[in-house]
Structures are given as C-alpha cells and as structure tokens.
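Me: I have a model open and would like to learn how to read its features one by one. Could you walk me through it?

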Number of protein chains: 2
Amino acid sequence: MLPFKTLIVIDESSTIAIYRQIADQLIVMIRDGVMKPGTFLPSTREMAALLDKHRNTIVAAYEELITQDWIETLPRIGIRVSLNLPVIKPRSFQESGKKLTYSSPAKFSFKQNIPGLTTSAYSLKRSSIIINDGFPDADLAPYDGMLKEYRKLLRGAKIKKLMYLKDFGGTAALKESTVHFLNNSRGLNISTDNLLITRGAQMAIYLAAAMILKPGDNVLVTDPNYLIADSVFKQMGANLIRVPVDEDGMDIEAVEIALKSFKISLLYVIPHHHHPTTVTMSQSRRTKLLELIKSYQLPVIEDDYDYDFHYGNSPVLPLASSSHDSNVIYIGSFTKLLAPSCRIGYLIGPADFIIQATNLKRMIDLRGDTLMEEALSVIINSGELDRHIKKSKKIYSERCDQTALVIKDQLADVVDFTKPQGGLALWLKFNADYPLADVIPKAQSLGLILVGGAYYQGTDQKHNGIRFGFASLKEAEMYRAVELLHSITVLSKKQ
Amino acid sequence: MLPFKTLIVIDESSTIAIYRQIADQLIVMIRDGVMKPGTFLPSTREMAALLDKHRNTIVAAYEELITQDWIETLPRIGIRVSLNLPVIKPRSFQESGKKLTYSSPAKFSFKQNIPGLTTSAYSLKRSSIIINDGFPDADLAPYDGMLKEYRKLLRGAKIKKLMYLKDFGGTAALKESTVHFLNNSRGLNISTDNLLITRGAQMAIYLAAAMILKPGDNVLVTDPNYLIADSVFKQMGANLIRVPVDEDGMDIEAVEIALKSFKISLLYVIPHHHHPTTVTMSQSRRTKLLELIKSYQLPVIEDDYDYDFHYGNSPVLPLASSSHDSNVIYIGSFTKLLAPSCRIGYLIGPADFIIQATNLKRMIDLRGDTLMEEALSVIINSGELDRHIKKSKKIYSERCDQTALVIKDQLADVVDFTKPQGGLALWLKFNADYPLADVIPKAQSLGLILVGGAYYQGTDQKHNGIRFGFASLKEAEMYRAVELLHSITVLSKKQ
C-alpha cells in the first residue's frame with residue numbers, strides 16, 4: 001500500500017473542505033500514474049485511520065471520486081482505480097518537472113510604478129471595524145429585491161437571449177430606466193443615446209479620460225483630489241495642474257487663471273461632496289464655471305458620485321443639467337445606492353462621444369452583468385430604488401449628525417472637520433501632532449482598519465487627512481471606532 | 001382641475017409600469033409647482049376615467065405618492081398635495097429650459113473611429129434564435145448553487161467586511177480556489193502572487209496589452225485573429241504583424257521569420273480552439289514555439305479561453321505550464337464555465353507583473369463583484385464546478401457532433417468547416433457565392449440573429465466566415481437555425 005499518510009497533505013486552515021483536499025490529491029496520484037487502473041484503495045475505515053480523519057470525510061472523498069469516474073466499487077471486493085479512466089492525463093509536450101511556473105520575475109519590460117495602495121498589514125477578525133472612504137451600508141441594500149428578481153428573470157427565456165446578444169453598453173431596459181431615473185432626479189434631459197452603462201463610476205472616469213487625453217495634455221484638478229482619478233490621468237500621460245479647493249468647492253478664479261496660462265484639455269470636478277474634502281460647490285462658483293466652460297469650450301468630467309445623498313437642504317442640480325454646449329461628461333454610480341459589490345455606473349455625454357466610448361468599453365469589458373442590470377432596471381421601475389434611497393438617506397443623515405457630534409466631543413484636539421451637506425463620509429484632518437503614518441498602523445493593530453485613510457497616507461503628507469465613512473457603521477461600531485482613535489491619539493501624540 | 005389627460009402622457013410600450021409613469025408625472029407637476037401644496041387631486045375613480053385606465057392603476061399611483069409623502073389623504077374629504085413636501089425642488093442655478101442636455105455633438109476632440117460592431121438592425125422576438133460566437137448554455141449554468149451561496153453569504157457578517165476592504169484583484173478565497181483549480185486542471189504550478197482576477201478574459205487581454213505595449217510596438221497575431229484582441233493592440237498604438245494559421249494552428253515557421261525580420265514586443269496566441277478558426281495547435285509547433293520564446297525572450301499572451309471544453313482527446317497542457325522563462329502571460333475565464341453574464345476571468349504572470357497589473361486594474365474597475373467571487377469560490381471548493389464542467393462537456397460534445405452532422409448534410413455546398421477538437425463553436429467558411437454581407441441581414445430578417453458572424457462581416461471580406469456557437473442551442477433550435485440558413489442560401493446564391 002502506498003504511504004498515504006505522507007502522500008496526502010491536509011491543510012486544516014484552507015478554505016477548501018478536507019474531503020476535497022483528499023479527493024484532489026488522490027486524483028493527482030491517479031492521473032500521474034502513481035495509482036494505476038485496477039489498483040485497490042484502502043477501505044474507508046482503513047484510510048480514515050491512516051489519515052487520522054473521520055470516516056465520513058473519507059466516504060465523501062471516495063464518493064467524489066466515484067462521481068467523477070476515477071474509482072469504482074466492486075461490491076464485496078473493494079474499491080479500485082477505474083479501469084477506464086475518465087480523462088487521460090492532459091498531454092504535456094515538454095518535461096514539466098515540479099518547479100514553479102513563474103520562478104523568476106518577468107524579463108520583458110512592462111509599465112512600472114503604477115500607483116497602488118500603501119496599506120499596513122492587517123488580519124481581518126470578527127471584531128474588526130473597517131472604516132471605508134464612503135460606502136453605503138450593505139445591510140440596508142435591496143438584496144432581497146434583487147435576488148427575487150434574479151430568480152424571476154432566470155425562470156424566463158428572455159434573460160438568456162439578452163446574454164447572448166452583443167453588449168451595447170448596458171441592456172436596453174436598464175438604459176431606459178436609468179435615463180428616466182436621471183432625468184427625474186437630476187433635471188437632465190437625455191435619451192439612451194447619451195448613456196453608457198459601466199462598472200461603477202471608476203470605469204466611467206477611465207473611459208472618459210482614455211477618450212479625451214493624449215500624452216502631454218494638461219488636466220485641471222483640485223488639490224487634494226480623488227486619488228484614483230489623478231492616477232488615471234497620469235496613466236494617460238497627462239500633466240496635472242492643481243487648483244485649491246476651499247469651503248465653497250473648487251477655486252474657480254484659479255481655474256480661470258490656469259485657463260489663461262495653459263492649454264487645458266480637461267477639467268475634472270466633483271461638485272457635490274468633493275472627494276476627499278466633502279465640500280459642496282457654491283451656486284455662484286457653478287455659474288462662473290459654466291461661463292468658463294462655454295467661453296473656453298472646455299471639456300469637463302463632472303463626477304457626481306454622491307448626488308442622491310444630500311441632507312442639509314435640497315441638492316443643486318448638476319452642471320450637466322444646465323447649458324454647457326455639450327462639454328460636460330457626467331458620471332455617477334448606482335453602487336452608492338446599492339452595495340459596494342454591485343458595480344453599475346454610468347457615463348453621460350454627447351451621442352457621438354458615447355458611440356466611441358461604448359466601442360472602447362467593449363475592449364475592456366466585453367459585457368456587463370446582464371442579470372444584475374435587468375434586476376436593477378426592475379427595481380428602478382417599480383419604485384423600490386426610490387424608496388430605498390429615501391429610507392437610507394434618513395438613516396445616513398442621522399449617522400452623519402451623530403458621528404459628527406461624537407467626534408467633536410471625543411477628538412476635538414486631534415482632528416478638524418466640517419460636517420458635510422451630504423455624502424457618506426467625513427473628511428477628518430488630523431492635527432500635525434498626529435501623523436496618519438503613525439495613527440493608521442496603530443489603529444490597524446487594534447482592529448480598526450482605516451481603509452479610507454490609506455489613500456492619503458504617505459502619498460501626500462501635506463494632506464494629513466482621512467475619509468471616515470460613517471454611513472456603513474452601526475451606532476456601536478461608530479462609538480467603538482472613535483474610542484479606539486481617541487486611545488491611539490492619546491498614546492501617539494508627537495512630543 | 002388641470003387637464004390631466006393632456007399633461008400625463010403614457011407610453012404603453014415602455015418597460016416602466018403605467019402606474020409608475022402616472023406617479024412620476026404627478027411628482028414632476030408637484031415639484032415644478034404646477035400643483036401646489038394643498039391642491040386637491042381628482043378621486044381615483046375620476047382620474048381613472050380621465051386617463052382611460054383601470055382604477056387599480058390609479059390607486060397604485062396614488063399609493064406610491066402617499067408612500068413618498070407627495071400627497072396625503074384627508075379621510076372623507078379627499079386627496080391633496082402634501083402641505084409639507086418631502087424635498088424641495090433641487091435648486092437649479094441657471095435657467096434650465098426644456099431643451100436637450102446634449103443637443104449638439106461634442107465640440108472637443110476625442111478618439112474617433114474606435115472599431116465597433118457592424119450589426120444589421122434586428123428586433124428580438126420570442127421566436128428569435130441567436131447564434132453567438134461560442135458561449136455556454138445558460139440553462140445549464142449552476143445558478144441555483146450560486147444563488148444559494150449568495151443567500152448564505154448575505155446572512156453572515158463576513159461578506160460585508162470583504163466588500164469594504166480595498167480590492168486586491170479578487171477576494172482572497174477566490175484567488176486561493178482559482179490557483180487550486182488551475183494547478184489541478186492545467187498543470188500550472190502557481191501561487192496567488194501570480195494571479196489577478198478580472199472581469200472575464202477580455203479585461204485580462206486589455207490589461208496585459210496596456211502593461212506591455214507602447215505606441216509603435218509590433219505584435220505578432222494570426223490571420224485571422226480574435227477581432228477584439230486585434231482592436232485592443234491597435235488601441236495601444238501597436239502594429240499588427242500577421243502570420244498564417246492552418247489546421248495545426250499558428251504557423252511557427254512564419255513566427256520565426258518575423259522574429260528574425262522585426263523587433264517583436266508581443267505574441268498573442270490561442271493554442272486551444274483558436275478564435276475564430278477553432279483549430280488546436282499541434283504538439284510539435286508548441287515545442288518549437290517554446291524554444292523561440294526562450295531564445296528570443298519573447299513576451300507572449302496565451303489566451304486559453306476554452307481549455308476546459310476539449311472533446312476528442314485529452315487537452316494538451318498550456319504553454320504556460322512548461323518552461324518559458326516567465327515570458328508567458330496566461331489568460332482564461334470562468335465565464336465559459338458559468339454563463340455569459342458571470343464575468344470572472346484571470347490573468348496569470350510573474351509576481352512583479354501581477355502587482356502592477358493589479359494597480360492598473362483598480363483604475364479601471366475599482367473592485368470585483370465580491371458576492372459573486374465568494375460564491376464562485378465556494379462552488380469550486382465544493383466540487384460543484386468540476387461536476388458542472390463534466391456534465392456540460394458531455395452535452396456540448398454531443399451538440400458539437402450533431403451540429404457538424406446536420407450542417408454537413410444540409411449546407412454541404414454552402415459552407416466548409418472542420419469539426420473542432422473542442423470549444424463551443426464551429427468556424428463556418430461560406431463559399432464565395434454566399435457573401436455573409438448578404439446572408440447575415442437576410443437571416444436576421446427571418447429571426448436568425450448571427451451575432452458571432454458580425455465580427456467578421458465587413459471588416460475583412462477575405463474571411464467570409466462566421467463562428468456558429470452550437471453549445472447554447474437546444475436540438476430543435478439548431479435544426480431550425482440550419483434550416484433557415486439553408487433556405488436563405490438557396491435564395492441568395494450569387495448568380
């Protein structure tokens with residue numbers, strides 16, 4: 001008998017079930033000819049003893065092998081490797097050996113130093129609290145409605161037909177529903193020709209930038225700005241020209257000076273709840289910016305990722321809803337209305353631009369998730385999405401108020417912030433005595449994982465701030481998070 | 001009373017429910033101040049008569065408005081516009097007017113002529129048969145298992161934590177399961193450091209090309225080649241150098257001549273069931289190609305999108321599994337194993353390459369579908385995916401044989417093809433008497449939508465061929481499709 005105890009290595013910490021680990025290793029032995037057709041295996045009882053596992057585990061492993069035709073049972077005789085194996089070992093055309101497929105680094109040249117994430121190591125525990133940079137609470141997400149629609153859709157024949165058709169940037173039904181949703185909520189007046197469905201706002205930013213920018217072009221952005229947008233523009237070979245952002249949003253006088261001084265190919269602006277600072281642009285600046293857009297025929301990406309969650313007063317309509325001579329590319333996302341994993345966003349622009357952007361999108365992402373797109377369309381049309389927005393807006397507004405109160409109370413000497421008019425995060429500027437490069441790893445060692453913070457830490461120390469996503473935190477988690485931050489800052493104050 | 005009959009326009013053909021259309025238009029009237037707070041609405045009975053709709057439809061519309069606090073019921077008096085409206089109209093900071101947001105084409109410059117799809121118009125009917133270019137049958141897809149896992153995962157707290165963490169190119173569990181799956185099925189010997197999870201193989205091709213290519217670089221591809229890969233390379237500014245493909249796959253002697261004549265930055269190869277021609281590369285050519293890869297240190301994208309469905313004999317292991325000095329980037333997809341809408345693929349390469357590719361991926365697609373990734377991991381680990389592959393491979397193999405027989409019988413004078421050793425499509429080369437530019441629109445007018453064909457039609461007339469995806473066709477559909485093609489070709493033979 002083979003030395004199964006040594007041959008079969010079981011990793012108790014693996015996510016792969018133990019019976020599967022056993023079955024898989026037996027398959028490899030059969031495939032590799034270590035166990036030849038006709039060889040008898042130990043009985044389940046014997047194998048259980050050999051491997052020091054429960055017999056039921058072995059029974060499950062053997063059943064798996066029987067289902068797959070690797071082994072066969074001869075009643076009253078035993079279990080043997082099948083005489084007709086289900087697949088012959090895939091033919092290797094070279095000696096494969098046991099060495100790693102990728103034992104050396106790449107020898108060919110490829111793009112280096114693409115900006116990534118600087119994160120301290122952490123292990124996720126049951127008690128870990130994750131502070132994200134402004135995502136909705138997945139517990140509130142309309143998953144029940146979505147899954148119900150999935151099941152309904154899968155019972156019909158239509159969804160399968162839709163899956164086989166080429167993708168034209170979203171299913172027809174979702175495009176119609178989204179147009180309806182945007183025209184009603186944002187005062188846009190668009191048709192489906194102006195719309196491309198994407199994987200979240202991020203893909204929309206990438207596509208718009210790839211469509212407009214050439215290497216050497218100048219892009220106007222705020223200082224600081226949404227970091228991954230900056231990375232995208234740099235990836236396209238563009239230069240970033242930064243203008244300040246204050247409590248009224250992007251400094252439009254600085255924009256005007258830049259327009260007079262440089263050839264600007266694109267302006268990127270987040271008018272509602274600017275990322276990362278959460279400020280909302282004032283009406284007078286919007287009016288002035290629109291004038292500049294028209295007089296300079298300036299292409300603009302308006303990233304309005306957070307429009308639907310505005311608390312203090314009614315939201316101001318997007319730039320895209322006003323007269324802009326078709327210069328504003330408008331970007332948003334359903335992700336913030338659903339859950340982080342439901343990545344459906346949109347890119348709005350002139351019809352000729354959308355045709356080309358759709359062609360480009362197909363090269364990157366052949367089609368969307370047809371099932372999710374159709375289900376989302378149903379919950380938009382039924383009004384479920386509107387009700388969900390209304391309900392969660394109320395909850396997030398309360399969480400915003402309460403988080404602001406608690407942080408003001410507990411961390412007054414540590415952080416400075418202004419309660420935003422909307423959105424899902426606070427922008428906490430840490431006092432220089434508490435460098436985030438120290439605070440973040442300390443927090444992570446205590447189970448407080450500041451994901452939103454990792455954006456700003458290290459890359460640009462002059463902005464010693466983090467996004468504190470309050471929307472996804474239950475009351476107790478928020479209190480605990482602030483308490484942990486408090487205890488860390490007491491200990492880590494720079495002397 | 002307002003002229004509701006004229007004010008409320010109902011589109012019976014819309015996917016939006018009629019009660020929603022009525023509710024939405026009433027909301028707009030309230031928002032716009034056409035109906036002021038305190039104004040009484042007609043009773044449901046009166047409104048039903050006015051709009052010529054069933055009273056229940058009006059009741060549903062009013063209930064929607066009541067839920068949203070736009071109107072309120074005064075018992076025994078009537079229904080009026082709420083005195084305290086739920087949201088004040090979003091403030092426009094410019095006269096918005098009623099004109100289209102994007103009334104003119106874009107005035108700024110953007111990338112033009114990005115290759116798209118040339119498709120004849122069609123309308124999807126219940127009886128339509130769609131011939132795709134090689135997708136699995138969604139009716140066989142393990143949706144039940146996936147949805148069951150969705151529900152289970154959503155009951156736990158872990159999935160929500162995973163959603164809030166930054167994405168490192170796939171969840172840790174899916175990366176582990178995929179490594180296990182690939183090492184077992186393909187003789188790879190990789191770790192999770194060599195793996196990036198993508199949205200299907202398409203995104204993996206895009207990322208690899210974007211990482212490796214600079215404008216002006218030369219890329220070696222077959223003639224013909226997977227059209228969207230060609231588009232991606234051109235999008236990166238690369239030149240395509242084409243080598244022939246015959247019944248043994250890519251012509252490796254031609255590759256060697258090209259390597260001697262040009263500086264080649266990348267070779268793109270599909271060794272199993274080449275797209276579009278379905279040929280599988282011979283062992284001797286693979287061996288020769290590996291020698292060239294090593295002697296020229298040639299970077300290669302090996303697109304192995306169809307590895308798991310090989311019928312005739314056992315599949316040959318990928319190039320990536322043999323010794324290649326870390327030069328082969330290996331690409332594949334779970335989409336072909338699940339359903340067209342479940343887009344999860346992978347990019348395999350040296351660890352240093354994968355780090356940068358992951359950073360680039362995040363700029364395009366901030367995170368994957370955490371829920372789908374975790375569910376897929378479970379069905380890989382439980383063995384359900386292997387069982388599904390085994391089951392569907394048997395069905396597809398039969399469909400392949402049968403489709404080949406029927407086409408040989410019915411279209412012998414019309415098309416030429418070789419039954420492939422695997423994969424989900426046949427490559428039908430139409431006789432020059434039957435130009436696909438004629439056949440495809442005629443077929444579409446009869447409800448036979450040749451989606452796979454649209455790739456090759458028009459763009460490159462010398463390849464008068466289409467991919468005929470047989471895997472997703474039930475027997476009756478396949479017979480009907482061939483019958484329709486037969487009747488069309490009888491009528492449309494060029495004189």
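Me: From which domains of chain B does the lining of the second largest cavity draw at least three residues each?

Reply: Happy to start there, and keep in mind that this is a predicted model. Rolling a probe the size of a water molecule over the atoms shows where empty space is left. In this case, domain 2 (129–135 + 388–492) and domain 3 (143–382) of chain B each give at least three residues to the lining of the second largest cavity. That cavity holds about 230 Å³ of space.

Me: Which residues lie nearest the centre of the second largest cavity?

Reply: Of its 18 lining residues, those nearest the centre are A:Leu366, B:Ala201, B:Tyr226, B:Tyr305 and B:Lys336. Helix H8 (residues 200–212) of chain B supplies the largest share of the lining, 4 residues. Sorted by class, the lining has 9 nonpolar, 5 polar and 4 charged residues.

Me: How many cavities does a search of the whole structure find, and what is the volume of the largest?

Reply: The search gives 11 cavities of 30 Å³ or more, and the largest has a volume of about 310 Å³. It is lined by 23 residues, and the closest to its centre are A:Asp133, A:Phe135, A:Tyr226, A:Lys336 and B:Leu366. Here helix H8 (residues 200–212) of chain A gives the most to the lining, with 3 residues. The classes in this lining are 10 nonpolar, 5 polar and 8 charged.

Me: Both chains turn up in those lists. What rotation superposes chain B on chain A?

Reply: For two copies, look at the angle and at the shift along the axis. Chain B goes onto chain A by a rotation of 180° with 0.0 Å of shift along the axis, at an RMSD of 0.1 Å. That is why we can speak of a two-fold axis. In chain B, the C-alpha nearest this axis belongs to B:Leu147, at 3.8 Å from it. The same surface serves both copies, as 100% of the contact residues of chain B recur in chain A.

Me: What does the domain assignment of chain A give?

Reply: It gives domain 1 (4–81), domain 2 (129–135 + 388–492) and domain 3 (143–382). Between the C-alpha centres of domain 1 and domain 3 of chain A there are 54 Å. A record adds something too: an unreviewed UniProt entry places the feature "domain: HTH gntR-type" at residues 16–84 of chain A. Over residues 16–84, chain A is 51% helix and 12% strand, with its end C-alpha atoms 28 Å apart.

Me: Now the backbone. Is the peptide bond from A:Asp223 to A:Pro224 cis or trans?

Reply: As a general idea, most residues other than glycine have a negative phi, and most peptide bonds are trans. The bond from A:Asp223 to A:Pro224 is cis, with omega near 0°. You will find A:Pro224 in the loop between strand E5 (218–223) and helix H9 (227–235) of chain A. In the other chain, the bond from B:Asp223 to B:Pro224 is cis with omega near 5°, and B:Pro224 sits in the loop between strand E5 (218–223) and helix H9 (227–235) of chain B.

Me: And is phi of B:Asp52 positive or negative?

Reply: Phi of B:Asp52 is near 60°, a positive value in a residue other than glycine. To locate B:Asp52, go to the loop between helix H3 (44–51) and helix H4 (55–67) of chain B.

Notes:
Residues are numbered from 1 along each chain as its sequence is written. Chains are lettered from A and ligands numbered from 1 in the order in which they are written. This is a predicted model: local features need pLDDT of at least 70, side-chain atom pairs count only at pLDDT 80 or more; totals for chains, interfaces and linings use all residues. Side-chain values use heavy atoms; hydrogens and water are left out. On a 1 Å grid over the protein atoms alone, a cavity is a set of points where a 1.4 Å probe fits but cannot get out, and a pocket is an open set with protein on both sides within 12 Å along at least five of seven lines; lining residues have an atom within 4 Å of a point. Grid points are joined across faces, edges and corners, and a volume is the space filled by probe spheres set on the points. Helices (H or I, at least four residues) and strands (E, at least two) are DSSP runs, numbered from the N terminus. Ala, Val, Leu, Ile, Met, Phe, Trp, Tyr, Cys and Pro count as nonpolar, Asp, Glu, Lys and Arg as charged, and the others, Gly among them, as polar. Domain bounds come from an automatic or database domain assignment. UniProt positions are given in the numbering used here, feature names are shortened, and annotations may be inferred rather than shown by experiment. Copies are superposed by least squares on the C-alpha atoms of residues with pLDDT of at least 70 in both. Contact means heavy atoms within 4.5 Å.
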